[in-house]
Amino acid sequence: MGKEQVTGNIIIDQELCKGCYLCISVCPQNVIAVSKNINRQGYYPVIFKGTNEEGKGCIACVRCATICPDIAIEVYRD
Amino acid sequence: MSGNHVIGEAAIRAGCRFYAGYPITPQNELTEYMAGAMAKLKDGTFIQAESELAAINMVLGASAAGCRAMTSSSSPGISLKQEGISFLSAMDLPAVIVNCMRGGPGLGNISPSQGDYFQATRGGGHGDYRNIVLGPATAQELADLTMLAFDYADKYRTPVMILQDGMMGQMMEPAVMPDPVDPKRLPPKPWKLDGADGRPSRIIKSLYLDPAEEEQINWNLAHKYEKITDEIQRAETYRTDDAQIIIVAYGTAARIAKGAVNRVREKGVKAGLFRPISLWPFPTRILKEVNKKVKDFLVFEMSTGQMVEDVRLSLEGKGNVRFYGRPGGVVSTPIEIAEVIEGKFGRV
Amino acid sequence: MTTQLFSWPRYLKKTAFHYCPGCGHSIIHRLVAEVIGELDIGAKTIGVPPAGCAVLAYNYFDVDMVEAAHGRAAAVATGLKRVLPDRIIFTYQGDGDIAAIGTAETIHAANRGENITMVFVNNGVYGMTGGQMAPTTILGQNSTTTPGGRDQKRDGAPLDLSEMLGITRGAAYIERTAVNSPKNIRRTKKALTKAFKTQMTGQGFSLVEILSPCPTNWKMTPVDACKWIEGSTAPFYPLKVIKDIVTNI
């Protein structure tokens, strides 16, 4: 039986995010998407989708926060 | 001791514990002296930098850390330091810079000259700032003014320049050395950087992107310069009480002029000497005092005429000012100047 | 019970960055701040920011900072370190600042073995001034001053400053890393940690060169810029340890 899967979630500061989308490019679970509404700086920030199409969620691998140039992402592990 | 050695010893006694320099004639003896002196001190640092430009920036770092720091060079090297001096002035950082002037412009030569007066007294780098400039004429003054330079630098938090020349630096003369100062007992520098240990972090900078803020910085500097101008007016008057003509000269030129004054006095010509010691701020108040009794002035410089403008500015037309100069490193003799005073020389 | 894995580093002021979206500078700021925090040296660290995009670094780092003229950080840092040998001094410079105008100061600081740590952000252009060629602009790379791409005969070749510094006897630890992927970012943090430790143990000059994306001036999306580092810059500037004579760290 595989190791019990680590799960977690992330909080994205909608105002700090500048819409560079590097987090989306590194998220293995594809649980980050571009928001529809614009933030005060004039960017379309990213939002946490919770789960992807196959129903899988965040595994708290911290890759998104590691590459985020604006420290807009906080990561929590369950 | 040679003039350059006198400055070195005086700097150490003034509590200078950081020196960065670069070889250039005719001030090498000062750099060499500092190497030897700092090596004997536990808390002393000497660096022969890769350029005069690197040297002034090392001084900037040492000064930001609160240390009394000095650099020295000669004319071309001082030009290389101008950006650094502008930064020091903008950041309210103390430092002492010694310019051992030599023939110029360009590579020029290594004999004494006074061609850097404008560069020194008008703030030689970019931006609206001035530097305190002291003009010694004797070995004793090299000692006393070096001590004073460090005190002024710390008191007004600004760079101070000692403007000497190749002759003064090389010439041997007796000088009484002032008492040494313990750098640890100097007044504290609350603004210095030493790591934000239990206090908020500090920034020393000169970038102010907001013009309104930068304007305020400029006016702060201007007020500082007004205060300095009010508080520093240094000059020597020699046989001026009954004089009918006053020679105005500083540094080595003043020593030559003093010889000429004595010479013509023997022939009954009532000449006197006004010798500015603080070149910036120019001793306008004292010159105006002298001007109350005398109208004729002859300015003698080892250049094509720079300080003469400050004399004219100070007198505001209330005196006729003649000029006689020998640029390029030529050193006049008292006899030559005596003849100029007696009006025999054509080029007056 | 959820544990927080990632948060704002202590030695970085909590404020938005002025950097462009996808810029590597702010990633490197975070790494430097994290390392300073983890080594617990924030109270005795003094930073020297450059003239360039990162000139405003003093608004971000919560340590004492003194600004240097363009290219002169290594000299200012030398003055600071010699006066305060038990403080930690680091410079933070872009490629133009350190490898063009500041070459002499940098090489001689390394050669003197100054006990300072230099952070060299290599993004291949002069960013702040609008994307001109830098000493590290690679051949064929476009910039506002290399029309049609950098041409060796016309514009010279990219400069290997870190390798040159490696030759100096005074250099103790020099590594080149990148911040274009989480893996490389973690590697950069390790390199920075080692560099600061080199200084803390007084073993001489340390420098970390960090390949960093500049999407705005490369005229690419941040994601493409990171790929471009992998594909184009890295061949010219291989990610490797250039010098390491450091012991027991």
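**Exercises on a predicted model**

In helix α11 (residues 284-291) of chain B, the buried residues are L287(B), V290(B) and N291(B). The model is predicted.

**Exercise 1.** Explain why the buried residues of α11(B) count as lying on the same side of the helix, and state what covers them.

*Solution.*
Step 1. Take the residues with under 20% relative accessible area. In α11(B) these are L287(B), V290(B) and N291(B).
Step 2. Look at their spread around the axis. The arc they cover is only 105 degrees, so they sit on the same side of α11(B).
Step 3. Identify the cover. The elements over these residues include the chain B strands β8 (235-238), β9 (245-248), β10 (271-276) and β12 (296-301), together with helix α12 (307-315) of chain B.

**Exercise 2.** Describe the largest pocket by its volume, its lining and the residue classes in that lining.

*Solution.*
Step 1. The volume is about 500 Å³.
Step 2. The lining holds 23 residues, and those nearest the centre are G66(B), C67(B), P183(B), K192(B) and V83(C).
Step 3. Sorted by class, the lining has 10 charged, 9 nonpolar and 4 polar residues.

**Exercise 3.** Do the same for the second largest pocket, and find which helix gives the largest share of its lining.

*Solution.*
Step 1. This pocket has a volume of about 420 Å³.
Step 2. It is lined by 25 residues, with F87(B), A90(B), H126(B), S206(B) and E214(B) closest to its centre.
Step 3. Helices α5 (82-90) and α9 (211-231) of chain B each contribute at least two lining residues. The largest share, 5 residues, belongs to α5(B).
Step 4. By class, this lining contains 13 nonpolar, 8 polar and 4 charged residues.

Technical notes
Residues are numbered from 1 along each chain as its sequence is written. Chains are lettered from A and ligands numbered from 1 in the order in which they are written. This is a predicted model: local features need pLDDT of at least 70, side-chain atom pairs count only at pLDDT 80 or more; totals for chains, interfaces and linings use all residues. Side-chain values use heavy atoms; hydrogens and water are left out. Buried means under 20% relative accessible area, exposed over 50%, partly exposed in between (1.4 Å probe, protein chains only). Helices (H or I, at least four residues) and strands (E, at least two) are DSSP runs, numbered from the N terminus. The arc is that of the directions from the helix axis to the C-beta atoms. Contact means heavy atoms within 4.5 Å. On a 1 Å grid over the protein atoms alone, a cavity is a set of points where a 1.4 Å probe fits but cannot get out, and a pocket is an open set with protein on both sides within 12 Å along at least five of seven lines; lining residues have an atom within 4 Å of a point. Grid points are joined across faces, edges and corners, and a volume is the space filled by probe spheres set on the points. Ala, Val, Leu, Ile, Met, Phe, Trp, Tyr, Cys and Pro count as nonpolar, Asp, Glu, Lys and Arg as charged, and the others, Gly among them, as polar.
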